[in-house]
There are 2 protein chains.
Amino acid sequence: MPHPQTTPAPTSRRELNKAATRQAITDASLQLLRSKGPGNFTVEDIADAAGISRRTFFNYFSSTEAALASVTHGFLDNALAQFRLRPADEPILESARAALIQLADPMTVAPMAELYSLAQSNPQLNRSELEAWDHCTAEIIDAARERFARTAGGELDELYLRALAGSIISCGKAAMDVWFARCGADLSAASLSTLRQLLIDAMGLLGSGFMPTATLSTDRH
Amino acid sequence: MPHPQTTPAPTSRRELNKAATRQAITDASLQLLRSKGPGNFTVEDIADAAGISRRTFFNYFSSTEAALASVTHGFLDNALAQFRLRPADEPILESARAALIQLADPMTVAPMAELYSLAQSNPQLNRSELEAWDHCTAEIIDAARERFARTAGGELDELYLRALAGSIISCGKAAMDVWFARCGADLSAASLSTLRQLLIDAMGLLGSGFMPTATLSTDRH
DNA sequence: CAGAAACTTGCACGGAGTGTAAATATGCAC
DNA sequence: GTGCATATTTACACTCCGTGCAAGTTTCTG
């Protein structure tokens, strides 16, 4: 099991079966992605490997890419959950930083990293990844809006909200991009430490307004 | 002619024909999008309306969405060109601000705004839009890298580059989102002035590190 | 004008995605 | 457990997408 579901599991036979097939589909998809490479297998291949009919596949996912993107969605949902756990009076950037470095452990990052490397080359997959990040941005906006509504009672600045949420995601993505360029799919402790530091640095840059004089970053590896 | 091509036009018969066909396709696509709504017309419909064969359509664009996204690409390429025109010693955020507000004129913004509104509802279109913005991010990274390579000779910080470029795009997008939510497809002088102010504010937020105390924005409309 | 190169077109084919109706599995009341 | 309502899977058929190919047409070049 590459990455555990975060759903509370309402233990009914139907829900259980559905979760199982869903998992079987994503597993089969990832397996085929590994063995055949992006774009070199069909929905029918996935269905066969998962032991279901082609039609049933489409009852769960609207495309191969959607099935694979569930990995990224899982990762980002996880991040969102961490974010929502932070105290409401904490500065947003600090919350984001904390939520992100929480995720820099092997179990969480591994599936994400693998998909990341495999998706780099493929335009189709890349689009789905972008969509996932965009979806996460929307959720951060919601989370931040709630938070502001609770603390500062008055009217809140939509521009502030959206610009901040978008920038946080962009910086998180930038950190992952750089990490990947540097370390590839390496999941060693040193590599993950680099990732954590990159995430911290990225949030630092954001918080300091990207000081035009540059090179304030603390990582000189 | 909704929006003039920025290509230098190497006036050969072939290039001319190709440009005309390309334009005919995007025009037909937009027309059909307006009249039938997203997802309610086929590539064959576009081809017929543009007076070409279905096969030829695919010689120009890989999908309906790609044809429509050319509008957004045109807009963003325009922004990129403005950005590259700025002096190399100017702070990047200032260059971005200048390039962006340059675009807040009716001619440039009109096609973009229309597509924006029509794409809101449709997932397919939205993905293509995201891709266009992502492509623009990559180009900003290149532009900024060149610039840094020219001024500061030493090794440059990839994280800084990518985080900054991504944040700029995110803030630009946020400004457009808010503008659209406020003004819809209104292209009046007042509306465009709002857009300009939003873009300025967004860059201001970014430059000030999103001051946690919030509400430093200057637009109380 | 003739030949080369670029572009268009029709055709055919495999694959994506969806509606539909029949078959199968599950939940629930008794 | 039996029987029925509801949910899920499946097969089938259909439209549309995207691409390789080979023949036709236009444009360029000498």
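Two residues count as in contact here if their C-beta atoms, placed from the backbone, lie within 7 Å. By that yardstick, 35 residues from chain A and 35 residues from chain B make up the contact. On the side of chain A that touches chain B, the elements giving two or more residues are helices H7 (123-151), H8 (158-183) and H9 (189-207), with helices taken as DSSP runs (H or I, at least four residues) numbered from the N terminus. H8(A) chips in the largest share, 15 residues. Sorted by class, this side holds 18 nonpolar, eight polar and nine charged residues; nonpolar covers Ala, Val, Leu, Ile, Met, Phe, Trp, Tyr, Cys and Pro, charged covers Asp, Glu, Lys and Arg, and polar takes the others, Gly among them.

This is a predicted model, in which local features need pLDDT of at least 70 and side-chain atom pairs count only at pLDDT 80 or more, while totals for chains, interfaces and linings use all residues. Residues are numbered from 1 along each chain as its sequence is written, and chains are lettered from A and ligands numbered from 1 in the order in which they are written.

As for how the copies sit, a 180 degrees rotation with 0.0 Å of shift along its axis lays chain A on chain B, RMSD 0.1 Å (least squares on the C-alpha atoms of residues with pLDDT of at least 70 in both). That is how a two-fold axis relates them. The copies meet through the same surface, because 100% of the interface residues of chain A are also interface residues in chain B.

Chain A itself has nine helices and zero strands.
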